[in-house]
Amino acid sequence: MDDKITVINHPLIQHKLTLMRRRQTSTAKFRSLMSEVALLLGYEVTRELPLEMQTIETPLTEMEAPHLVGKKLVIVPILRAGIGLVDSLLHLAPSARVGHIGLYRDPETLEPVEYYLKVPEKMHDRDVIVVDPMLATGNSAAEAVARIKEFNPRSIKFLCLLAAPEGVDHFNDVHPDVPMYTAAVDEKLNEKGYIIPGLGDAGDRLYGTK
Ligand code: URA
């Protein structure tokens with residue numbers, strides 16, 4: 001498992017994730033914790049963005065200084081829970097573009113069904129981070145990444161908060177070339193496709209819809 005997914009086990013992330021898992025955590029608190037965790041995860045996920053040297057002037061002298069190279073980063077949340085990770089990533093990369101992909105899980109088959117897709121122009125020159133808090137069966141994430149690959153971006157990464165081993169295996173089988181990042185890999189999926197022990201339905205907990 002370890003070689004398929006990068007688990008970012010910083011103590012602040014682990015502590016905040018525990019608070020998110022607790023049944024008693026309110027919607028407002030859950031939402032702010034997700035933003036805090038996303039900021040910490042985002043720091044690691046963006047670690048390898050390519051840099052080039054640029055000549056700049058400080059108030060004292062000229063220097064060669066590193067600068068992100070290429071077109072703006074693209075964050076693609078899988079609707080709707082993925083939205084909960086976007087603001088923090090935009091704090092880290094304020095000029096990033098945001099694409100959206102809408103997929104819902106058919107409750108019978110657990111297969112993803114696409115209902116919305118919008119991404120920026122000139123994707124071939126961009127690095128993309130596809131985000132969804134929960135990597136459960138991996139079907140939605142694998143489908144979302146397959147659709148984004150059709151635009152030939154320079155690179156793609158997948159970021160989630162929590163993963164199930166089944167989802168990690170499935171995603172890795174379909175996209176062995178796409179690095180995955182998470183805060184934790186839990187024990188298993190239940191028969192309804194929920195991550196155990198997990199944190200429940202991330203969308204419902206974010207938006208208070210249950
Ligand atoms: N989606 C969720 O929000 N939670 C799960 O446990 C699985 C999928």
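In this predicted model, a network of salt bridges links Glu114, Arg147 and Glu150. Within that network, Arg147 and Glu150 meet through their side chains, with 2.6 Å from N to O. Glu150 counts as exposed, because its relative accessible area of 53% is over 50%.

Side chains of opposite charge can pair when their charged atoms come close. By the rule applied here, the count of salt bridges comes to ten. One of them joins Lys4 to Asp169. The closest N and O atoms of this pair are 2.7 Å apart. Lys4 lies in the segment before strand β1 (5-7), while Asp169 belongs to helix α5 (residues 165-174). The pair therefore ties together parts that are 165 residues apart in sequence. Both ends are partly exposed. Lys4 has a relative accessible area of 27%, and Asp169 has one of 29%.

A salt bridge also forms between the side chains of Asp177 and Lys149, at 3.0 Å from N to O. This pair links distant parts of the chain, 28 residues apart. Asp177 sits in the loop between α5 and β12 (180-182). Lys149 is part of helix α4 (residues 139-149). Asp177 is exposed, with a relative accessible area of 51%. Lys149 is partly exposed, at 27% relative accessibility.

Aromatic rings come next. A pair of aromatic rings is described by the distance of the centres and the angle of the planes. The structure holds two aromatic pairs. One of them consists of Tyr104 and Tyr115. Their ring centres lie 6.2 Å apart, and the planes form an angle of 35 degrees. The pair counts as tilted, because planes under 30 degrees apart would be stacked and those over 60 edge-to-face. Tyr104 is in strand β6 (residues 100-105), and Tyr115 is in strand β7 (residues 112-118). The two residues are eleven residues apart, and their pairing links distant parts of the chain. Tyr104 is partly exposed, with 43% relative accessible area. Tyr115 is also partly exposed, at 48%.

Two surface patches were examined. The positive patch is formed by Lys71, Lys72, Arg97 and Lys122. Lys71 lies in the loop between strands β3 (62-68) and β4 (74-79). At 34% relative accessibility, Lys71 is partly exposed. Lys122 lies in another part of the chain, the loop between β7 and β8 (127-131). With a relative accessible area of 49%, Lys122 counts as partly exposed, because exposed means over 50%.

The nonpolar patch on the surface is made of Leu39, Tyr43 and Leu92. Together these residues have about 290 Å² of accessible area. Leu92 is found in helix α3 (residues 86-92). Leu92 is partly exposed, with a relative accessible area of 36%.

Pro94 is found in the loop between α3 and β5 (97-98). Pro94 is exposed, with a relative accessible area of 63%. Pro94 and Lys188 are 94 residues apart along the chain. Their C-alpha atoms are separated by 36 Å.

The backbone also has features to note. Lys122, a member of the positive patch, has a positive phi of about 55 degrees although it is not a glycine. Asn152 has a positive phi as well, near 50 degrees, and is likewise a residue other than glycine. Asn152 is placed in the loop between α4 and β10 (155-159). Asn152 is exposed, with a relative accessible area of 53%.

Cis peptide bonds complete the backbone description. Leu79 and Arg80 are joined by such a bond, with omega of about 0 degrees. Arg80 is found in the loop between β4 and α3. A cis peptide bond also joins Ile196 and Pro197, again with omega of about 0 degrees. Pro197 is in the loop between β15 (195-196) and α6 (202-207).

Methods. Residues numbered from 1 in each chain as written. Predicted model: local features only at pLDDT ≥ 70, side-chain atom pairs only at ≥ 80, totals over all residues. Heavy atoms only, no water. Patch = residues over 30% accessible without salt bridge, like charges linked within 9 Å, V, L, I, M, F, W, Y side chains within 5 Å. Areas by Shrake-Rupley, 256 points an atom, 1.4 Å probe, with all protein chains shown as cover. Salt bridge = Lys/Arg side-chain N within 4 Å of Asp/Glu carboxyl O. Lys, Arg positive; Asp, Glu negative; His and termini not counted. Charge placed at Lys NZ, Arg CZ, Asp CG, Glu CD. Helix = DSSP H or I, 4+ residues; strand = E, 2+ residues; numbered from the N terminus. Buried < 20%, exposed > 50% of the residue type's maximum accessible area, 1.4 Å probe, protein only. Phe/Tyr/Trp six-rings, centres within 6.5 Å; stacked < 30°, edge-to-face > 60°.
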